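Work through the exercises below with the model open. Try each task before reading its solution.

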Amino acid sequence: MYEFICDEYHFLYSPSSKAEEIDQDIVTESDLAHLLHLLEGKDGEMEWQCMMERTTSNMSYQAWRHEPESGPAVYRSRTVFEDATPEVVRDFFWDDEFRPKWDTMLSYVKILEECPRTGIMIVHWIRKFPFFCSDREYIIARRIWEAGKNYYCVTKGVPYPGLPKRDKPRRVELYFSGWVIRAVESRKGDGQLSACEVTLVHYEDMGIPKDVAKLGVRHAMWGAVKKLHSGMRAYQNARKTDTSLSRCALMARITTEISSDESRSSLGPVSGEDEKDQTVVIRRQNDNGLDWKWIAVGGTVALVFGLHSGIIGKALLLGAGQRIARR
């Protein structure tokens, strides 16, 4: 067992003795197909609201939101980091030991199971939430596919009989977050693939009222994105001087190889039953000349950051707290 405690953050690594026997069907090609379907989809069947478009000297960020008639909002965005490699960015997003340095709401992580052959991991997260509702608990299965130097990362909420639900923290069961990481040309115009593009689709049901969610995202998104960007650069610098890798970063290097053609087309849309199980289906709409095949976001992080940092007014929070009744 490996245990790391720092301030309020608790990381526990205690891999199952049956690591090789982890259920290989827990994150499959159908989940990868679902991610690609969310990103590519079909024309004209969803409307997206542009939330943000910002650029700094070494990063650009765009974000959109779709609000379905039922279910949680769906976010997507496109982020480009200048002077960054896909491998470092891939490891950064997977590295739960480093994450609390930029994601201050993550208070507990435990690796429940892992497979050294496929790289599949099942992790247990607890995230700190504001005063008006309980903390949130996640059981997340995750896996990475690789096509060339493009990385397709899928994370989703899964049941875990070995860890029954409790009243508190409240478990988030509907959770899907997937992103594509690839090298792209730098804005320097030198023709070099020295920038890294991250494209992501994310949705989850945290039990937060929609009015609070919309306000939190609108006011806190850019601050959260800047925190993530600072964290990535700190991670990038740390890797230059420290060649040792965390357990999670080592697992991020175990990928399932697929062909580029397969990642783009042959997986195809998920079946009707799979779409029903996944609850949310995103289809393509061509707005403002953007290629929706490569879009990404971190909206939920922004929402939670906004709630936690007190950006939302106390009156609205108290009203939301009464509606949630401390769920």
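**Exercise 1: burial and packing of a helix**

Task: find which residues of α2 are buried.

Solution. Pro 86, Val 88, Val 89, Arg 90, Asp 91, Phe 92, Phe 93 and Trp 94 are buried in α2. Buried means under 20% relative accessible area, exposed over 50%, and partly exposed in between, with a 1.4 Å probe and protein chains only. Helix α2 spans residues 86-94, and eight of its nine residues are buried. Helices are DSSP runs of H or I with at least four residues, strands runs of E with at least two, numbered from the N terminus.

The model is predicted: local features need pLDDT of at least 70, side-chain atom pairs count only at pLDDT 80 or more, and totals for chains, interfaces and linings use all residues. Residues are numbered from 1 along each chain as its sequence is written, and side-chain values use heavy atoms, with hydrogens and water left out.

Task: state which residues of α2 and α3 meet.

Solution. From α2 come Val 88, Val 89, Asp 91, Phe 92 and Phe 93. Their partners in α3 are Leu 228, Gly 231, Met 232, Tyr 235, Gln 236 and Arg 239. Contact means heavy atoms within 4.5 Å.

**Exercise 2: a loop residue**

Task: place Asp 135 and list its contacts.

Solution. Asp 135 is in the loop between β7 (121-127) and β8 (136-147). Asp 135 counts as partly exposed because its relative accessibility is 28%. Leaving aside neighbours within four places in sequence, Asp 135 contacts Ile 126, Arg 127, Lys 128, Phe 129, Pro 169 and Arg 170. Met 206 is 71 residues from Asp 135 in sequence, and 10.0 Å away in space, C-alpha to C-alpha.
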